[in-house]
Amino acid sequence: MSPQPHPTRVVLLAGPSGSGKSSLAARTGLPVLRLDDFYKEGVDPTLPLVPGSTDIDWDSPLSWDADAAVAAIVELCRTGRTTVPVYSIATSSREDTEAFGLGQAPVFVAEGIFAADIVARCGELGVLADALCLRGRPSTTYRRRLLRDLREGRKSVPFLLRRGWRLMRAERGIVARQAALGAHPCAKAEALSRIEAAVTMGAVALPSPVTAPARTTAAPTAGGR
């Protein structure tokens, strides 16, 4: 039996860390679910390590709670609201929870480096509007990511330099993996166009104009691991 339709759909926005997911999502004017808030806490014994290192591999999907992220997306699509964790990347811990609502928006964006890992599940559950993977020049992504992480004091400088160099060398492979999982690789202009198309298709069934309220607490900072 095919999944029952839902009144709201999600656009999953993936891409390498520093590719501009958060800033692009903010430009859409849609509600934005930060998938980074579903990271495991630093004390979790199941956290993976970078091979040959004692560093936690925060770029591995095993460092992330996919089940909780999918549950939140499905609840949003069915009811228009959910409760999400508030996660601090600097301390690798969940500091609080907060309410998140969609209002009358027919589409919302869920962005994060692991968004592609839940494309198939969201599709099977009937809540997927589109899945995108932002791509660009690895050197540009490296600079943007490093400046952001240093500015926000996310981790120690040696850790950020090691991670940045490793991710820059792996970036094309990261994009290829996310594409294989079902996220369409594209630049920002195409991503915005496809999101606009998803909103137009979703708004056809709405009796009133789309509104896109943000979280009920302070606006999130741009970022993503």
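## Close-up views of a predicted model

**View 1. Strands β6 and β7 side by side.** Strand β6 (residues 128-134) is joined to β7 by 3 bridges, and the two run parallel. Look for Leu 132, which stands opposite His 184 in β7. Please keep in mind, here and in every view below, that this is a predicted model.

**View 2. The open sheet.** Stepping back from that pair, we come to an open sheet of 5 strands, in the order β2-β5-β1-β6-β7, with parallel pairing. Its edge strands are β2 (32-34) and β7 (184-186), each of which pairs on one side only. On average, neighbouring strands of this sheet are turned by 25 degrees against each other, direction ignored. As general background, strands of a sheet pair through backbone hydrogen bonds, either parallel or antiparallel.

**View 3. The whole chain, for orientation.** The secondary structure comes to 6 helices and 7 strands. If you follow the chain along its sequence, you meet them in the pattern β-α-β-α-β-β-β-α-β-α-α-β-α. Of the 225 residues, 48% count as buried. The chain exposes about 10,700 Å², and carbon and sulfur atoms supply 58% of that area. What share of the contacts between residues at least 6 apart in sequence joins residues at least 24 apart? In this chain the share is 79%.

**View 4. A salt bridge between helices α2 and α3.** The count of salt bridges comes to 4, and one of them is formed by the side chains of Arg 121 and Asp 67, at 3.0 Å from N to O. This pair links distant parts of the chain: Arg 121 belongs to helix α3 (residues 119-124) and Asp 67 to helix α2 (residues 66-79), 54 residues apart. Arg 121 is partly exposed, with a relative accessible area of 32%. Asp 67 is exposed, with a relative accessible area of 51%.

**View 5. A salt bridge from helix α5 to a loop.** Here the side chains of Arg 177 and Asp 117 meet in a salt bridge, with 2.6 Å from N to O. Arg 177 lies in helix α5 and Asp 117 in the loop between β5 (107-111) and α3, so the pair ties together parts that are 60 residues apart in sequence. Both partners are partly exposed: the relative accessible area is 37% for Arg 177 and 23% for Asp 117.

**View 6. A salt bridge from helix α6 to the sheet.** Back at strand β6, which you met in the opening view, find Asp 130: its side chain meets that of Arg 194 in a salt bridge (2.9 Å, N to O). Because Arg 194 lies in helix α6 (residues 188-203) and Asp 130 in strand β6, the pair ties together parts that are 64 residues apart in sequence. Is Asp 130 buried or exposed? Asp 130 is buried, with a relative accessible area of 13%, and this value falls under the 20% cut-off for buried residues. Its partner Arg 194 is partly exposed, at 28%.

**View 7. A nonpolar patch on the surface.** Which residues make the nonpolar surface patch of about 250 Å²? They are Leu 150, Val 157 and Leu 161. Leu 161 is found in helix α5 (residues 157-180), the helix that also holds Arg 177 from View 5. Leu 161 is partly exposed, with a relative accessible area of 41%. That places Leu 161 over the 30% relative accessible area asked of residues in a patch.

Conventions. Residues numbered from 1 in each chain as written. Predicted model: local features only at pLDDT ≥ 70, side-chain atom pairs only at ≥ 80, totals over all residues. Heavy atoms only, no water. Patch = residues over 30% accessible without salt bridge, like charges linked within 9 Å, V, L, I, M, F, W, Y side chains within 5 Å. Areas by Shrake-Rupley, 256 points an atom, 1.4 Å probe, with all protein chains shown as cover. Helix = DSSP H or I, 4+ residues; strand = E, 2+ residues; numbered from the N terminus. Buried < 20%, exposed > 50% of the residue type's maximum accessible area, 1.4 Å probe, protein only. Pairing = 2+ DSSP bridges. Axes fitted to C-alpha atoms, helices over the stretch in contact; angles between N-to-C directions. Contact = heavy atoms within 4.5 Å.
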